[in-house]
Amino acid sequence: MTVVDAGDGGDDGLHGTVPAQRLAKPALNLTDTDGRPFDLRERTKGKVTLLFFGYTHCPDVCPTTMADISSALTEVKPDVRQQIAVVFVTSDPDRDTGPVLSRWLRQFDATFIGVRGTFDRIQTEAEALGVPLEKPEVQADGSVLVTHGSQVIAFSRDDRIRALYLAGTGVQAYIDDLPKLTAERSGPEARS
């Protein structure tokens, strides 16, 4: 796994890294697990959105990250939970079909949204957000190596990146930060 240093725009009271540049939430223009067109901005409008690029056959970071987010969501108040969308974009679309992705995500939370598309499209979208992604490679032993960034990107209600949570971010950090993120009207400039 590759971890990207996003820079530090100041901690702003969050456990996540606050980026100096608050990139806009992309549409992505991929498909959901049912094969329907997926527009990230439309499907997550008005919600704090946690976006992660990974794959279902991942032996460590991907399932741990999804489990940690799921655990945190069970600990926050219901009104906070209702304001959060979690979107998982596969970095291994050949193996992560819609049904595979849907079944895998349901292990963590039935509301998690799975998204897929062509690898080239996914790579373009990931890299535009600063998430490195390399084409899956079949190894000599038949296993598949998928190299991808491991940060969770948190978008605030204003559809801008608000914070990045790197691999290893603990459940408590999400529990602490999610109420802060949902309490903001529109990012760090407009606090409620």
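A residue here is called buried when its relative accessible area is under 20%, exposed when over 50%, and partly exposed in between, using a 1.4 Å probe and protein chains only. By that yardstick, 47% of the 192 residues of the protein are buried. Keep in mind that this is a predicted model: local features need pLDDT of at least 70, side-chain atom pairs count only at pLDDT 80 or more, and totals for chains, interfaces and linings use all residues. Residues are numbered from 1 along each chain as its sequence is written, and side-chain values use heavy atoms, with hydrogens and water left out.

**View 1. The whole protein, with six helices and nine strands.** Helices (H or I, at least four residues) and strands (E, at least two) are DSSP runs, numbered from the N terminus. The C-alpha trace spans about 55 × 30 × 30 Å along its principal axes. The radius of gyration is 16 Å, which agrees with the value near 16 Å for a compact globule of 192 residues; this radius is taken over C-alpha atoms, and the globule rule is 2.2 Å times the number of residues to the power 0.38. As for contacts (heavy atoms within 4.5 Å), take those between residues at least 6 apart in sequence: 67% of them join residues at least 24 apart.

**View 2. The outside of the protein, about 8,800 Å² of exposed area.** Carbon and sulfur atoms supply 49% of that area, computed by the Shrake-Rupley method with a 1.4 Å probe. On the charge side, the mean positions of the 21 positive and 28 negative charges are 8 Å apart. Lys and Arg count as positive and Asp and Glu as negative, while His and the chain ends are not counted. Each charge is placed at NZ of Lys, CZ of Arg, CG of Asp or CD of Glu.

**View 3. An aromatic cluster formed by F52, F88, W104 and F108.** Searching the whole structure turns up four aromatic pairs. In the F52 and F88 pair, the ring centres are 5.9 Å apart and the planes sit at 35°, so this one is tilted. Rings of Phe, Tyr and Trp (its six-membered ring) pair if their centres lie within 6.5 Å; planes under 30 degrees apart count as stacked, over 60 as edge-to-face and the rest as tilted. Since F52 belongs to strand β3 (residues 48–54) and F88 to strand β4 (residues 84–90), the pair ties together parts 36 residues apart in sequence. Both F52 and F88 are buried.

**View 4. F88 again, now with W104 as its ring partner.** Here the centres are 4.9 Å apart and the planes are at 50°, so the pair is tilted. It links distant parts of the chain, with F88 in strand β4 and W104 in helix α4 (residues 98–106), 16 residues apart. F88 has a relative accessible area of 0%, and W104 is buried at 10%.

**View 5. H57 in the loop between β3 and α2 (61–75).** What does H57 touch, leaving aside residues up to four places away in sequence? The answer is D92, R95 and D96. The C-alpha atoms of H57 and D92 are 8.6 Å apart, though 35 residues separate the two along the chain. H57 counts as partly exposed, at 42% relative accessibility.

**View 6. Two positive phi angles, at L28 and D159.** Most residues other than glycine have a negative phi. L28 has a phi near 70° and sits in the segment before β1 (30–32). It is buried, with a relative accessible area of 0%. D159 has a phi of about 65° and lies in the loop between β8 (152–155) and β9 (161–165).
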